[in-house]
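Work through the exercises below with the sequence and the model open side by side. Each task is followed by a worked solution.

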Amino acid sequence: MHQPNKILTPVHISKADAQHLLHQMLRIRRFEEKAAEMYTQGHIKGFLHLYIGEEAVAVGIMDALQPEDGVVATYREHGHALAKGVSANSIMAEMFGKEEGCSRGRGGSMHLFDAETRFFGGNAIVGGHLPLAVGLALADKMQQKQVVTACFFGEGAVAEGEFHESLNLAALWQTPVLFVCENNGYAMGTALDLSESEMDIHAKAASYQIPSEVVDGMDVLAVRQAAERAAAHIRSGKGPYFLECRTYRFRAHSMFDAELYRDKSEVEEWKKYGPITSFIKRLKNQDLISEAEILELENQVAAEVNESVKFAESGTLESEANLLRFVYSEKKLVM
Amino acid sequence: MKITYREAIRESIREAMQEDEKVFLMGEDVGHYGGCFAVSKDLLAEFGAERIRDTPLSESAFVGIGIGAAMNGMKPIVEVMTVNFSLLAADQIMNNAATILHMSGGLFNVPVVIRMATGGGKQLAAQHSHSLEGWYAHIPGLKVLTPATLEDARGMLISALKDPDPVLIFENSTLYNHQGELSEDAGAVDIFKAKIRRQGKDISLVTYGIGYHKCVAAAEILAAEGIDAEILDLRVLRPLDDATILETVKKTGRVLIVDEGWKSGGISAEISSRIMEKGFFDLDMPVARLGGAEVPMPYAEHLERIAVPQVETIVAKVKEMI
């Protein structure tokens, strides 16, 4: 198991940039706290997998991407969707099962989709979306588009055959994929050392001839810098790139998880070095943010999150007459 | 023109690739080897390795890549060697191809075409010989095509490439050498309707794929004995064309379903059920079925032969019914 980095390294960014990154992380944190609350109140059902603790990864990676770049994520993807630009309103409405949701209430928490921001799900078969990402990227390459497809997955996916098949093909065909492994140490409740003979995940990527790096996934700046290097490499036509972001999940796997597999003290220790806590400390050390400015950001975020709940509450339930829609396309077949 | 089933598919792929640069073919041994069943022979030289893409033995990945590419502007034709191997990609077919349109609330359609060989008859035993198309027909979101004729071998692929949703095409491996006449201007065909290919008044033989050819031979023998069999080629296993099935039921009142797949939970069970639900009062006797023996396919020739319906078993069953 990896350990938190306890050293607060100096930051070299502008005040505006610092506040932007903090704002993005706070949006995810507060949105998910609200989602958990809505879950407990029974407004959100099914599975709810929270990303709390891992925000620096999604925010750092998305900040290095362009609007036309695609994202393929897992079932723990509220943060990725928010950071890619999917509206909080449409995500919350989706989790409420409303027609105004980004997937019209057909997907729920695990299957957020958005065409405008090129957000290709929300995929809940571990490893099953890696081939999709390689395919999306292959299509971009064959159409001569300089576009990156970022594919997020947990370290649990590394045990799946689809991980190895996809890495091999991405490298063999030099497809423009940014593989982002969010290594939070536990595949649901199974620790990495109980599931992998080779625990150095980035070494596996390297064995497929894919340039790879290990990144401190709790440090938004480190993630962004690595993602910028990766995106530049990919855009220059040199094929895929692999980032192993070492991070930690503060909350349970899903709302049903009693967390028997890890010590509370371990979680508490990691929380001390959480991505938001550490970033704020570093910014304060250099006078890049004040308490008043943090409060201002918190207020902005609270307004956005509260608005999303109102939007979701006032949304409509799709007519039951529409149950069988979207099994097949509604466009007519041109013969 | 005289053409084989294999050539009809090849010409269809060739034309589609000439017409639309977004079409590409991908699968194991489709390029340098020329296709496991030689369907794509010579296409690599004509179109190059970008568009006739040899893949490693990674069914799940290359089927999933086809799905991803289809979601992003390309029109991939994915060839999976045999239906048994497609089970390695069942996750992609079931969990992605069939679900993404629905899960995304209609945002992303998946216009991928997945072709594979199906069926026995070549003594390839229990991991290369099954007829699992009925399984795939269980899944909402997929279209399942089973071309039996040269016209369909050519035309169904053209139509499948124009379809906005995932289409699976099952080519019976014993049909690749089947030769016949095909009109020069044969083109796209309907991929929603079944077709009554032989008119008859005494009994309806409901079948598809290789079963169609066995029923044709059986009908000729029966005709010599004064029994006039109608043959319904299902063509499409999902969505099933209930209207045409019920039309033939109404006409003859006797139905024999012929399918190489297993009967238990199979497509023949589904068809029989629909006839009972919607055409019961048009029946003169219970619906009968000939299906694959409930056994993994044996290797030995004589055992494999009796494991699936044959012309003589169809003839015998019809005589028993009339």
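**Exercise 1: an edge of the sheet in chain B**

Task: find which residue stands opposite B:Leu145 in β12(B).

Solution. B:Leu145 faces B:Val236 of β12(B). The model is predicted, so local features need pLDDT of at least 70 and side-chain atom pairs count only at pLDDT 80 or more, while totals for chains, interfaces and linings use all residues. Residues are numbered from 1 along each chain as its sequence is written, and chains are lettered from A and ligands numbered from 1 in the order in which they are written.

Step 1. Strand β6 (residues 143-145) of chain B is joined to β12(B) by two bridges, and the two run antiparallel. Strands (E, at least two residues) and helices (H or I, at least four) are DSSP runs, numbered from the N terminus. Two strands pair if DSSP finds at least two bridges between them.

Step 2. Now place this pair in its sheet. The open sheet has seven strands of chain B in the order β3-β2-β4-β5-β7-β6-β12, with mixed pairing. At its edges stand β3 (52-55) and β12 (236-238) of chain B, each with a single partner strand, so one side of each has no neighbour in the sheet. On average, neighbouring strands of this sheet are turned by 20° against each other, direction ignored (axes are lines fitted to C-alpha atoms, for helices over the stretch in contact, and angles run from 0 to 180 degrees between N-to-C directions).

Step 3. Follow the chain past β12. The loop between β12 and α10 (242-252) of chain B holds B:Pro239. The peptide bond from B:Arg238 to B:Pro239 is cis, with omega near -5°.

**Exercise 2: B:Thr252**

Task: decide whether B:Thr252 is buried or exposed, and list what it touches.

Solution. Step 1. B:Thr252 is in helix α10 of chain B.

Step 2. B:Thr252 counts as buried because 21 C-beta neighbours lie inside 10 Å. The cut-offs, with C-beta atoms placed from the backbone, are 20 or more other C-beta atoms within 10 Å for buried, 12 or fewer for exposed, and partly exposed in between.

Step 3. Leaving out residues up to four places away in sequence, B:Thr252 touches B:Gly200, B:Lys201, B:Asp202, B:Ile203, B:Ser204 and B:Glu230. Contact here is two C-beta atoms, placed from the backbone, within 7 Å. B:Asp202 is 50 residues away along the chain from B:Thr252, yet their C-alpha atoms are separated by 5.3 Å.

**Exercise 3: two positive phi angles in chain A**

Task: state where A:Gln144 and A:Met188 lie, and how each is classed by burial.

Solution. Step 1. A:Gln144 is not a glycine but has a positive phi of about 55°. A:Gln144 lies in the loop between α5 and β3 (149-154) of chain A, and is exposed, with 7 other C-beta atoms within 10 Å.

Step 2. A:Met188, also a residue other than glycine, has phi near 55°. A:Met188 sits in the loop between β5 (186-187) and β6 (190-191) of chain A, and counts as partly exposed with 13 C-beta neighbours inside 10 Å.

**Exercise 4: domains and chains**

Task: work out which element gives the largest share of the side of domain 1 of chain B that touches domain 2 of chain B, and which gives the most to the side of chain A that touches chain B.

Solution. Step 1. Chain B is assigned domain 1 (2-181) and domain 2 (195-321); such bounds come from an automatic or database domain assignment. The domain centres, taken over C-alpha atoms, are separated by 26 Å.

Step 2. In chain B, 22 residues of domain 1 are in contact with 23 residues of domain 2. On the domain 1 side, α7 (133-136), β6 and β7 (167-172) of chain B each give two or more residues. The largest share, three residues, comes from β6(B).

Step 3. Between the chains, 37 residues of chain A are in contact with 36 residues of chain B. On the chain A side, β2 (119-122), α5 and α6 (161-172) each supply at least two residues. The most, 10 residues, come from α5(A).
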